[in-house]
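Here is a quick tour of one protein chain, from its overall dimensions down to a few backbone details. Have the viewer open and follow along.

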Amino acid sequence: MTLNQLRAFVEAERLGSFTAAARAMDIAQASASELVRRLEAELDAELFARGSRTLTLTSAGQELLPYARQAVEAADSGTRAVRSLGSLGGGTATFGVLRNADYYLLSNLVQLFHARYPSVRVRLVGQNSAETAAAVAAGRIEAGLVVLPIDDEGLAVTPLLRDEVLYVSASEERTRTPVTMEQFARAPLVLYDAHYGWQDPTRRQLVERAQFAGVTIDPLIELEHVEAALGLVAAGVGDTIASRAVVSGPAFPAGLRTVPFADPLHDTIALVKRRGHPLSRATRELARIAEDTLRELRTDLGPGDLGA
């Protein structure tokens, strides 16, 4: 069974005759008829009922048709994808980024992409990882960067970078030694990502650890942004958590202390896309630039800060 045989069969069914199918394929009428005849011989079944002026599918032909269409469409899509590799002259790239994208040098992602491909439209969505994963799974955006864990049903997940999460406090006493979950649960906590709460991936890890330790995490204050949480910690209101990328950033308040968890906690940043759905050329290129940016960050900060 060959692709040309399937194409001749699909075109003959669509157009109603071998003559029209041959014209669409730019081959001789006899060649179109022969392609279908060979396909019938291989399957040991007649696909068309002969004798009428218009071709009519047999029951065997009706069974084969959806699979033949799928094969032809897949081959055509692959051909278009390969031919588009040389340039990006249009289209739209849709991509989800982390809420804290700036800390991972992703703020210039659009600028880099637009400089290379000025004709491509970009739709960049920054939101919590739980929402990004849901948007990708639903097909509202093609791909995105998330922090694991997420609900990954229907998604292909590619881990890219691991960033340690630290305990942050203005208190010397509470940062003398690595923090246990029991100590964490007793602390006056200021936690961010209030809208998503315990659906937030980092918070999901914390609540799972708390369950194993037999304690409950009950924040003193919840708000949306890490910067606001750090401001309250600097004012002595309570303690919070932050990744090493945030702690290493220029906006991290002076005077705050950090300490790891007794059982080290990490955010794993990953690329997600719908399983079985190839990315458009534009989005695939945007994802490649994002991956390269994260790899550069890992190299710049060194293995002591960010590990593979």
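The accessible surface of this protein chain adds up to about 15,800 Å², and carbon and sulfur atoms own 49% of that. Keep in mind that we're looking at a predicted model. Of the 308 residues in the chain, 44% are buried.

How does the radius of gyration compare with that of a compact globule of 308 residues? The chain comes out at 28 Å, while such a globule would sit near 19 Å. The box tells its own story: along the principal axes, the C-alpha atoms take up roughly 90 × 45 × 30 Å. On the contact side, take the pairs of residues at least 6 apart in sequence: 74% of those contacts join residues at least 24 apart. In secondary structure terms, you get 11 helices and 11 strands.

**The N-terminal helices**

Let's zoom in on α1, α2 and α3. Two packed helices are described by the angle between their axes and the distance between the axes. Here are both pairings with α3:

| Pair | Angle between axes | Distance between axes |
|---|---|---|
| α1 (residues 3-15) and α3 (residues 29-43) | about 110° | 8 Å |
| α2 and α3 | roughly 105° | within 8 Å |

With angles from 65 to 115 degrees counting as roughly perpendicular, α1 is therefore roughly perpendicular to α3. The α2 and α3 pair also gets the label roughly perpendicular.

Who touches whom? On the α1 side of its contact with α3, the residues are N4, Q5, L6, A8 and F9, and they meet A32, L35, V36, R38, L39 and E42 of α3. Sorted by class, that contact holds seven nonpolar, two polar and two charged residues.

For α2, the residues in play are F18, T19, A22 and M25, which meet Q29, A32, S33, L35 and V36 in α3. This one splits into six nonpolar, three polar and no charged residues.

Which residues of α2 (residues 18-25) are buried? They are F18, A20, A21, A22 and M25. Their cover includes α1, α3 and β1 (48-49).

**Backbone oddities**

Now for some torsions worth clicking on. Just after α2 comes D26, with a positive phi of about 60°, in a residue other than glycine. D26 sits in the loop between α2 and α3. Is D26 buried or exposed? At 70% relative accessibility, D26 counts as exposed, because the cut-off for that label is over 50%.

D44 is another non-glycine residue with a positive phi, near 55°. You'll find D44 in the loop between α3 and β1, and its relative accessible area of 72% makes D44 exposed.

Further along, which residues does a cis peptide bond join? The pair is L148 and P149, with omega at about 5°. P149 belongs to the loop between β5 (143-148) and β6.

**One more loop residue**

T180 is in the loop that runs between β6 (155-169) and α7 (181-186). With 28% relative accessibility, T180 falls into the partly exposed class. If you want a distance to check in your viewer, try T180 to G276: C-alpha to C-alpha they are 41 Å apart in space, with a sequence separation of 96 residues.

Notes
Residues numbered from 1 in each chain as written. Predicted model: local features only at pLDDT ≥ 70, side-chain atom pairs only at ≥ 80, totals over all residues. Heavy atoms only, no water. Helix = DSSP H or I, 4+ residues; strand = E, 2+ residues; numbered from the N terminus. Buried < 20%, exposed > 50% of the residue type's maximum accessible area, 1.4 Å probe, protein only. Axes fitted to C-alpha atoms, helices over the stretch in contact; angles between N-to-C directions. Parallel < 35°, antiparallel > 145°, perpendicular 65-115°, else oblique. Contact = heavy atoms within 4.5 Å. Nonpolar A, V, L, I, M, F, W, Y, C, P; charged D, E, K, R; others polar. Rg over C-alpha atoms; globule rule 2.2 N^0.38 Å. Areas by Shrake-Rupley, 256 points an atom, 1.4 Å probe, with all protein chains shown as cover.
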